Amino acid sequence: MKRCIRHYWIVFIFSSLAGCGFDDLRLAQFLAMAPAFSRASLHTPDLEPIYVSFCNNDSRSLQHVVPVDMNKDGRMDLLLWLWCSPVSDRSTFIGPTPSRLVVFLQNSQGIFRNGTAEIFGKENVQPGGSGEYYVTGDFNQDGYTDIFWTAAREDGRGYSDWSTQWSANIAVMSQGNGTYRLDMVGSPNWNSGVSSIDNAQGGLDLLASSNSDSPKRWRYDLQSGWINIPGYEWTGGNGTLFLSRTAPNKESTTALVTYSNPTELGIKLYTYLGGSWNSSSKFSYPASVIQKKDTQTEPTPAAFVSIEGIDYIDPSFSFTCQIKRAPSSAPEFLTVFEAQKIIGGYHGQVIVYYSPESPLEELFKIMSFSPGTQNELVKSDLVIRNEVTSEVKANRMACLDLNGDNYDDIILYVSKPEQTPIIYLNDRNGGFDRVRASVFPTSPSNHTSSNYVFADINNDGAKDLIYFQINGQGGSPNQLTIYKANRQLNFFDVIR
């Protein structure tokens, strides 16, 4: 009798899961009750000796770890951009930010080693500046992955002549044989964001924005190298996202641009028709200017909006990504509405940050927009259960299939070391569920600020979790920590 009860219980579970779209493999994974990630960690080589070779103080920084198979041996490697402040305080310093590119190659045993010299032909690879944002793709169409990086100068030094601190953007370009070179793209600037654009040749172009110049569209030409395609000043830079092509060898024809000015905060829809880009619709909030200060400074102007009776200061649309809720769905544009809610409302007062007299509460809300049938911008309903809307401390958002079910998920990359990844899994019915924090191993206790990346480093189909220290301390070991995935994330990992 017990066997029958157990058997029917399993059949009941199986039937329930089948109704949610789960297959036999995932059922077996659930019944096995395996943790999603190994609790034993692997480590890459120590970065501290590399930092010592080019840093003259204790300030170290690593903002991005890029998983890419650089030598095309079927194993995931890691590309790192390291940099350090040229001075230990706010004093001035003329020249580029001290920086290095480092490659950790993975061998057949899953062990990482420093393979920078093998990939670049030298150990000392200096990109200049601090790496801001990147896009990967096969820009020269040789079958290898390339990386385009925007470079800035956010390195803690004082301001003198800003132009002496600027850097050119960097393209890490494959040479078709498992080695790479650096291409400097454009003139030195205070560069910022980058996004991809599908071109009519079937490849990718890049839109690179800057705080000191107009946005530029770049294309890699096999004869001429990187060429600028003019006419993209309208994009506004950081908050621009081009939706993917709708057919092979068709160019991106839809773009969404976030914008703000003293009277309005919003998103514009642009379409490419008749050889030019034109704005056809927008979504916006009326804005105005009020005064703010912290406890030590004089008041300065700040943006203000009131939405559905709630007052906010310093509103913005930040972080963007493209998502398809189902494999056959039309793409949507996700962005984050970020602001400080004024507790008690605004009544003409100066808003004082970091003061109990002017309490503020962060709002961090993901929104969805898409083009309508008449080229109008539509705000779409977006259900995210157990969404984190305050104290997020995110520095990037990505939309991708994290668990291999062909449905896009949402990832927020947060820099608080005590906070595990914020993941919203697609429920396959148009909504999203937050994955429980306990599913993920925590970042190492010695991290003062950390970030992470997901990558399938052992080719088993499940994405592994890699933590890395953003701001390291001189004299301390500085290693990337890898937790192997035991299985895919699924329905049982979310908060219910």
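The pLDDT is the predictor's confidence in each residue, on a scale from 0 to 100. In this predicted model, the protein chain has a mean pLDDT of 88, and 90% of its residues reach 70 or more. One stretch calls for some care on a first visit: over residues 1-18 the pLDDT stays under 50, and the model has eight contacts beyond four places in sequence for this segment. Where pLDDT is low, the predicted coordinates should not be read in detail.

A general view of the chain comes next. The secondary structure comes to four helices and 32 strands. Of the 496 residues in the protein chain, 51% count as buried. Among contacts with a separation of 6 or more, 54% are between residues 24 or more positions apart.

A convenient place to begin the tour is an open sheet of five strands, arranged in the order S5-S4-S3-S2-S31 with antiparallel pairing. Its edges are formed by strand S5 (112-114) and strand S31 (471-473), each of which pairs on one side only. From one strand to the next, the twist averages 35°. Strands of a sheet pair through backbone hydrogen bonds, either parallel or antiparallel. Within this sheet, strand S3 (residues 77-83) and strand S4 (residues 99-106) run antiparallel and are joined by six bridges. Leu 82 offers an example of the pairing, with Arg 100 in S4 as its bridge partner.

A second open sheet also has five strands, in the order S24-S28-S27-S26-S25, and here the pairing is mixed. Strand S24 (384-385) and S25 are its edge strands, each pairing on one side only. Between S27 and strand S28 (residues 432-434), which run antiparallel, there are three bridges. In this pair, Leu 425 has Asp 433 of S28 as its bridge partner.

Strand S22 can be followed through two of its pairings. S20 and S22 run antiparallel and are joined by ten bridges, with Phe 333 standing opposite Phe 369 in S22. S22 also pairs in the antiparallel sense with strand S23 (residues 377-380), over four bridges. Here Phe 369 stands opposite Lys 379 in S23, so that residue Phe 369 appears in both pairings. The hairpin of S22 and S23 has five residues between the strands, and Asn 375 takes a positive phi near 60° there.

The packing of nonpolar side chains adds another layer to the picture. The largest nonpolar core has 39 residues, and those with the most contacts inside it are Phe 37, Leu 334, Ile 366, Ile 410, Tyr 424, Phe 440 and Phe 454. Several strands each supply at least two residues of this core, among them strand S19 (310-323), strand S20 (332-342), strand S22 (360-371) and strand S30 (464-469). Strand S26 gives the most, with five residues. Phe 440 shows what such a position can look like in detail. Leaving aside neighbours within four places in sequence, Phe 440 is in contact with Phe 37, Arg 39, Thr 420, Pro 421, Ile 423, Val 435, Phe 454, Leu 465 and Leu 489. Apart from the largest core lies another, of 21 residues, including Phe 54, Leu 78, Cys 84 and Phe 468.

Which cysteines are joined by disulfides? A disulfide is a covalent bond between the sulfur atoms of two cysteines. A search of the whole structure finds two disulfides. One joins Cys 55 to Cys 84, with an S to S distance of 2.4 Å. The torsion about this S-S bond is about -120°, so the disulfide is left-handed. Cys 55 lies in the loop between helix H3 (48-54) and strand S2 (59-68), and Cys 84 lies in the loop between S3 and S4, so the pair ties together parts that are 29 residues apart in sequence. Both Cys 55 and Cys 84 are buried.

The other disulfide joins Cys 321 to Cys 399, with an S to S distance of 1.9 Å. This pair links distant parts of the chain, as Cys 321 is in strand S19 and Cys 399 is in strand S25, 78 residues apart. Cys 321 and Cys 399 are both buried. With bonded cysteines counted along the chain, the disulfides follow the pattern 1-2, 3-4.

Notes:
Residues numbered from 1 in each chain as written. Predicted model: local features only at pLDDT ≥ 70, side-chain atom pairs only at ≥ 80, totals over all residues. Heavy atoms only, no water. Pairing = 2+ DSSP bridges. Axes fitted to C-alpha atoms, helices over the stretch in contact; angles between N-to-C directions. Core = buried A, V, L, I, M, F, W, Y, C linked by side-chain atoms within 4.5 Å. Buried < 20%, exposed > 50% of the residue type's maximum accessible area, 1.4 Å probe, protein only. Contact = heavy atoms within 4.5 Å. Disulfide = S-S within 2.5 Å.
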